[in-house]
Amino acid sequence: MAAPNPRSRPKGPPPSSDPDRGDEHIREAGYSYLPKFITAAEGAALVSYFASLHPIWENRYADKRRRGGSGRLTRPVYWLGAWQFAALGYYAEPNHLENRCVRAEPLPTVMTDILERLRPELGLHGEDALPNTCLINYYGRVGKSEGKPPVDYARLRMHRDAEPGAVVMFSVGQPAQFEFVLPDATEPKHSQWVRNRSVVILSGPEYKDTLYHRVTRVRYGQDPVLTSKLEAFEVRRISVSFRHVPDAYIHDLADLSEDARAIATPYVEQLAAHSAHFQRQLEG
Ligand SMILES: O=C(O)CCC(=O)C(=O)O
C-alpha cells in the first residue's frame, strides 16, 4: 500500500492514474482490500437494509461530565449480533470481557452470504470461523437547521478493535480516506481510499495488533443514495465492521451486572422504540 501524505492531496477526486484510488485489489500479510467484492445486487440490498435501521448516538463514557467535551461518538451507530455499548467500555481482551455485550438482532442474510463468500480470503488470515457480530457506522452530516450551518460527522477516531481474530469491513457509499497510524506519529504509515462495495480484512501483528486505524474524511456524492431513519442526518457512507465475540460474553440485558444494566438501559429503551428484539430485552 502507498503511504501518501493526505494533507498534500489536492481537492476533488483522485486522478485516474493515482495508485491510491481504491480500485486495485491488495493482498498483503494481515491486509486484504477487495474492491467491488460486494455485488451490485448485494450493495442495493445493504442500502435498503441500512435505510430501515434507527441508528443511535452513543456516549463514549458512562460519566461524560468526568471526561469533558460532548462525550458523543463521532457518528451514529447500530450493532448486530452483540451490542457493545461504548459507555460499558467495549469488549476488549484481556481485561474487558464481562458486562460489555448485550445480545442484539441477527445479521441479515445479505451480510452472511457475503461473509460466506469471503471464507477463502478469511482462510488466508488464519480464520476458519465467520464473525458473529458487527458495528454499522453511519457517516454524514446534520443538515442546516434554524440558521445553523451543517455539521459534518464523517470521520472515525484512531482506534484498534480488540476482539480476537480478523476484522472484516464492508463499505457502501462515497469513498473514505482510511489510514493506519502509530499513536505517537503525525503521518499515517499506510493510507488508501476505501470505495463503494469494497471489503477490507485486517489481521495479525502489524495491521490489527500494532497499527491503529481511522477514517479522516468521506467524499461527497449521491450515488448510491443512502438514508437512515435518523432525522436530519444526511448519510453519505456506511461501513460495517465485523468481529468475533465469544458467545460466553454475549448477555441478555437482564443478566448484566446492576451497574452495567443501569448504563445500558437508557440506550436499550431508545432502541426498543423501533425494535421488537430490544423491546423483549427490556421486558427481561
Ligand atoms: O468505516 C470504516 O471503514 C472503519 C470502521 C472501523 O474502523 C470500525 O468500525 O471499527
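**Figure 1. Long-range contacts dominate the fold of this predicted model.** Among contacts in the chain with a separation of 6 or more, 73% join residues 24 or more positions apart. Two residues are in contact if their C-beta atoms, placed from the backbone, lie within 7 Å. The model is predicted: local features need pLDDT of at least 70, side-chain atom pairs count only at pLDDT 80 or more, and totals for chains, interfaces and linings use all residues. Residues are numbered from 1 along each chain as its sequence is written.

**Figure 2. The whole chain holds 7 helices and 15 strands.** Both are DSSP runs, numbered from the N terminus: helices are H or I with at least four residues, strands are E with at least two. The radius of gyration is 18 Å, close to the 19 Å of the globule rule for 284 residues, so the chain is as compact as a globular protein of that length. That radius is taken over C-alpha atoms, and the rule is 2.2 Å times the number of residues to the power 0.38. The C-alpha trace spans about 55 × 50 × 40 Å along its principal axes. Of the 284 residues, 36% count as buried. Buried means that 20 or more other C-beta atoms lie within 10 Å of a residue's own; exposed means 12 or fewer, and partly exposed lies in between, with C-beta atoms placed from the backbone.

**Figure 3. The largest nonpolar core has 62 residues.** Such a core is a set of buried Ala, Val, Leu, Ile, Met, Phe, Trp, Tyr and Cys residues joined through C-beta atoms within 7 Å. Val-102, Ile-136, Val-168, Val-199 and Ala-264 have the most contacts inside it. Leaving out residues up to four places away in sequence, Val-199 touches Leu-34, Phe-37, Ile-38, Leu-118, Val-168, Met-169 and Phe-170.

**Figure 4. Strand β6 (133-142) has several pairing partners, including β3, β14 and β7.** Two strands pair if DSSP finds at least two bridges between them. β6 is mostly covered, with 8 of its 10 residues buried. Antiparallel pairing with β14 runs over 10 bridges; here Thr-133 is partnered by Arg-243. Strand β3 (residues 77-80) joins β6 through 4 antiparallel bridges, and Trp-79 has Leu-135 as its bridge partner. Strand β7 (residues 151-152) adds 2 antiparallel bridges, with Arg-141 opposite Asp-152.

**Figure 5. Ser-241 sits in strand β14 (residues 233-243).** Ser-241 counts as buried because it has 20 C-beta neighbours inside 10 Å. Beyond its neighbours within four places in sequence, Ser-241 contacts Cys-134, Leu-135, Asp-161, Val-167 and Met-169. Asp-161 is 80 residues from Ser-241 in sequence, yet the C-alpha to C-alpha distance is 9.4 Å.

**Figure 6. The ligand has 13 residues around it.** Leu-135, Met-169, Val-215, Ser-239 and Ser-241 come nearest; a residue is near if its C-beta atom, placed from the backbone, lies within 6 Å of the molecule. β6, β9 (167-173), β10 (176-181), β13 (212-218) and β14 each supply at least two residues of this shell. The shell divides into 7 nonpolar, 5 polar and 1 charged. Ala, Val, Leu, Ile, Met, Phe, Trp, Tyr, Cys and Pro count as nonpolar, Asp, Glu, Lys and Arg as charged, and the others, Gly among them, as polar.

**Figure 7. An open sheet of 3 strands has the order β4-β5-β15.** Its pairing is mixed. β4 (82-84) and β15 (250-251) are edge strands with a single partner strand each, so one side of each lacks a neighbour in the sheet. Strand β5 (residues 101-103) pairs with β15 in the parallel sense over 2 bridges, where Cys-101 is partnered by Ile-250.
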